[in-house]
Amino acid sequence: MLDIHTATAQPHVTRRADYTPPEWQVPDIALDFDLAPERTVVRATLDVVRNAGDGPLRLDGAGQTLLSVKVDGVAINDWRFEGEALVVPLSGDAHVVETEVEIQPDRNTQLMGLYASGGNLCTQCEAEGFRRITYFPDRPDVLSRYRVRMTADKARFPVLLANGDPIAQGDGDGGTHWAEWNDPFPKPCYLFALVAGDLACNAGTFVTMSGRTVQLGIWVRAADVPKTAHALEALKTSMAWDERVYGREYDLDVFNIVAVDDFNFGAMENKGLNIFNSRYILADPDTATDYDFDAIAAVVAHEYFHNWSGNRITCRDWFQLSLKEGFTVYRDQGFSADQGSAAVKRIEDVRGLRAAQFPEDSGPLAHPIRPDEYQEISNFYTATIYNKGAEVIRMLATMLGPQAFRAGTDLYFQRFDGTAATCEDFVASLEEASGIDLAQFRRWYSQAGTPRVKAQLRHDTGGGRAILTLSQRVPSTPGQPVKAPMVLPLKIKLFGADTARALSEERLVLLEDDAAEIAFETVTERPVLSINRGFSAPVVIETDRTATDLAFLSAHDDDPFARYEAMQQLMLDTLVASASGMHADTDAVVAAIAGTLDDAALDPALIAEVVLLPSESFVGDQMAVVDPEAIFRAREALRREIGRTLEPRWRAAYAQAAATGAYVYSPEAKGLRRMKTVALGYIAASGAADAGALAFAQFEAADNMTDRQGALTTLVSSDAPERVAALDIFYNRYSDNALVLDKWFQAQALSQRDDTLAGVQELAQHRAFTLANPNRARSLVGAFSVNQRAFNAASGAGYRFVADQLIALDKLNPQTAAKLLPPLGRWRRFDSARAALMKAELERIVATPGLSKDMFEQASKSLAG
Ligand code: TRP
Ligand code: ZN
């Protein structure tokens, strides 16, 4: 099933500027599947009508065997292949084209098209998987009504699902049965889905705002049904939320979700039949953490929200991917913010953006949220398209305000319903509904790179005036050496250093030029600047605020997110100084943390976020040359000092959080559990003799995975004698649960110990390790490559390990392998010795015979960029 692409020096590049409308549309398609893992036969009947041009019908295909072609009921043989595409000459403007092909789902290791997972059959078609199922114009602007018939062995595949509504079913010969489904909504082929398997259903109903009853079903292995309650609840909550917040109602009579163990991504929004990575469905307190529960609700909401932002209105071409993904992430973030602490949700999202998107935007793979070209579209399902894309929508919402933003999305949904639209269509709708000129704002769609803003506040003590000087710079990125200034919506407020009172209302300043000056009047005492509150723009802010100012804001800002930001900046400044061998005032950090812990008005969930040190890689991002060892030592030293100096407070916080009784899933209980493990981490960092015993006691007594994993993570990074026992107990207890074993691998890959690399090399040989399952591959290889110190070991052994694994994985699953490559491309950020070692691995990858085009694009761009 694998393609034999030879990665040539001249890879095929698809360009946004080359878009032309499809020559043929396919208003209707009927598909007939004879399903079996070893051999599936697909008969497709396409009603084709000419849309533009005068060329033949060109149908994409990949990795399938063509058995026959008919036009208007007559077998033809004047078709030809162009590469893997099937070209059929047609004389008129409307024809019926039938093809018959054979595919082998059980040989499909790349998990695109029709494949087998855990004995069941399922599909994944986004972005270009449908062409692996049948010949079709595989592009998102060809919209068709689908009618699907499936026949399969009844005992092996008792459940047959597809998009839309079920219309008929029955028994056939030789122990087979069949089912027919019809989807009345025209859709692009990337939203096609079917599932055949031995599945059980957790069923529910939802009554929509116009009073229609929708049958909901979550389909899993029978034994897993008890783990689907949270996902089903989240689905109902999402459906109600989208009605209330965006006026969006569901449109079919059924909505099914199927969970599969082998999946390249998080989940897929196929019309009426979402298919999920089982990690985003299955949860119970014993096996899923609070983080998992939250992620499940967020992904269920995300995929559901795609029914409007993605399915009813889809993308004209894949360059518009952020039209559906950025907007849908923005929508799911709003949903999650409404389910618990909005401040904590914002902190998590910004942390994620800084961990994944900022490095992408400053590295060789940087691209705008609407890229101009790609070699392999799968490589563009990135943090930039998704998360920066969501930040761009958030800025639009901030600038328009809630009413105008809602008017804009209403107009967009109404005007483009049933079509394949562009990012421009979305922006133009918001512009028209609000009357706000977004001409310059559109640069967010075309310019890559994270803008940097310098902010300097000067106070004229006599006149009571403060002047804020702002300037911006957008760094150059591959292919974009020179940038124009962006529109940056910055929420700003001043606080009085003496009284801690607000000296101004919050102001929304739009920085549109290279530089600007903003005046604040009646500033009667020394002002402290609070800027980019709520992270109103996805930028880096550089100020000359002192440690005293930052500590002040961490205690007195009235925006909880800004308190977190001030503390982060204070910690970062301290860590960068000490990692660079300069004097660092750690007392200010310790005092600020003490103040936060003592603030009885703060929610424990927020405290737990605020007192955490920035990650090693985020510290590295602030340095001209990343020194992984120095950063690790500086951070460990600071952790130890915070742990020691505040030990009584950590113990008190721990005891208080631990005294909460039996497990419940609520925002309050989640906050306390978070606080408990954060406190445990600092007690361990202090070097206290009983830390191992305390962690092990938490591990043993835990009635939920959050506490158990928190204790395990602490132990795994320690030298405590309990470490090995905890790992063994954990492994044996969950050896039959793949999702929990992923946590076991991941915890060890992220360990802070000196021997992590050796441990990970050994784990790659473990009998439970396999590259064939993407979750497992990510849990070891993906986790290890973000462990900054271990991955960047001076010997280069970390790089070599990852490259070896990716070369092996590429032969099975190029898409997943290519997704894990970017850490090797960060060589410009390191000293020349490490850079040479990383480049050598990238060169080895590029030179690998039979390399996929996915890997070729990532590796060659990482070398060049
Ligand atoms: N559209 C999916 C989402 O964001 C993404 C997705 C699912 C995907 N499976 C994929 C992208 C496979 C690329 C390849 O919800
Ligand atoms: Zn999505």
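**Exercise 1. Classify Asp72 by its accessibility, then describe its place and backbone in this predicted model.**

Solution. Asp72 has a relative accessible area of 43%. Because buried means under 20% and exposed over 50%, Asp72 counts as partly exposed. The next step is to place the residue, and Asp72 is found in the loop between β5 (65–71) and β6 (74–75). Turning to the backbone, the phi of Asp72 is near 50°, which is a positive value in a residue other than glycine. As a general background to this step, most residues other than glycine have a negative phi.

**Exercise 2. Carry out the corresponding analysis for Ala500.**

Solution. Ala500 belongs to the loop that runs between β27 (488–496) and β28 (507–511). Its phi is near 65°, again a positive value in a residue that is not glycine. With a relative accessibility of 26%, Ala500 is classed as partly exposed.

**Exercise 3. Identify the donors of the zinc ion (ligand 2) and decide how its site is to be described.**

Solution. Begin with the coordinating atoms: His302 and His306 each contribute NE2, while Glu325 is listed with OE twice, and the distances run from 1.9 to 2.8 Å. The spacing of the donor residues along the sequence is H-x3-H-x18-E. His306 lies in the loop between α2 (290–305) and β22 (314–315), whereas Glu325 belongs to helix α3 (residues 321–339), so the pair ties together parts that are 19 residues apart in sequence. Both of these residues, His306 and Glu325, are buried. For the geometry, the angles among the six donor atoms of the zinc ion (ligand 2) range from 47 to 160°, and the site is irregular.

**Exercise 4. Describe the surroundings of ligand 1, proceeding from the shell to individual contacts and then to the buried area.**

Solution. The shell around ligand 1 comprises 15 residues, of which the closest are Glu126, Ala267, Glu269, Glu303 and Tyr386. By class, six residues of this shell are nonpolar, four are polar and five are charged. As for secondary structure, β20 (267–268), α2 and α3 each supply at least two residues of the shell. Among the individual contacts, a polar side-chain atom of Glu303 lies 2.7 Å from an oxygen atom of ligand 1, and a polar backbone atom of Ala267 is 3.4 Å from an oxygen atom of the ligand. Glu325, already met as a donor to the zinc ion (ligand 2), has a side-chain N or O atom 3.1 Å from a nitrogen atom of ligand 1. Taken alone, ligand 1 exposes 370 Å², and the protein buries 99% of that area.

**Exercise 5. Examine the loop between β11 and β12 through its residues Ala127 and Phe130.**

Solution. Ala127 is found in the loop between β11 (120–124) and β12 (144–153), and the peptide bond from Glu126 to Ala127 is cis, with omega near -5°. In general, most peptide bonds are trans. Phe130 lies in the loop between β11 and β12 as well, and with a relative accessible area of 0% Phe130 is buried. Finally, the C-alpha atoms of Phe130 and Ala62 are separated by 8.9 Å, although the two residues are 68 residues apart along the chain.

**Exercise 6. Locate Thr706 and determine which backbone atom its side chain reaches.**

Solution. Thr706 is found in helix α17 (residues 705–716) and is buried, its relative accessible area being 14%. The side chain of Thr706 reaches the backbone nitrogen of Asp290 at 2.8 Å.

Notes. Residues are numbered from 1 along each chain as its sequence is written. Chains are lettered from A and ligands numbered from 1 in the order in which they are written. This is a predicted model: local features need pLDDT of at least 70, side-chain atom pairs count only at pLDDT 80 or more; totals for chains, interfaces and linings use all residues. Side-chain values use heavy atoms; hydrogens and water are left out. Donors are N, O and S atoms within 2.8 Å of the metal (3.2 Å for Na, K and Ca); water is not among the atoms, so sites may look incomplete. Four donors count as tetrahedral if all angles lie between 85 and 135 degrees; four count as square planar and six as octahedral if opposite donors are over 155 degrees apart and all others between 65 and 115; anything else is irregular. Helices (H or I, at least four residues) and strands (E, at least two) are DSSP runs, numbered from the N terminus. Buried means under 20% relative accessible area, exposed over 50%, partly exposed in between (1.4 Å probe, protein chains only). A residue is near a molecule or strand if one of its heavy atoms lies within 4 Å of it. A polar contact is a pair of N or O atoms within 3.5 Å; within protein, one must be able to donate a hydrogen and the other to accept it, and residues adjacent in sequence count only if both atoms are side-chain atoms. Accessible areas come from the Shrake-Rupley method with a 1.4 Å probe; for residues, only the protein chains shown count as cover. Ala, Val, Leu, Ile, Met, Phe, Trp, Tyr, Cys and Pro count as nonpolar, Asp, Glu, Lys and Arg as charged, and the others, Gly among them, as polar.
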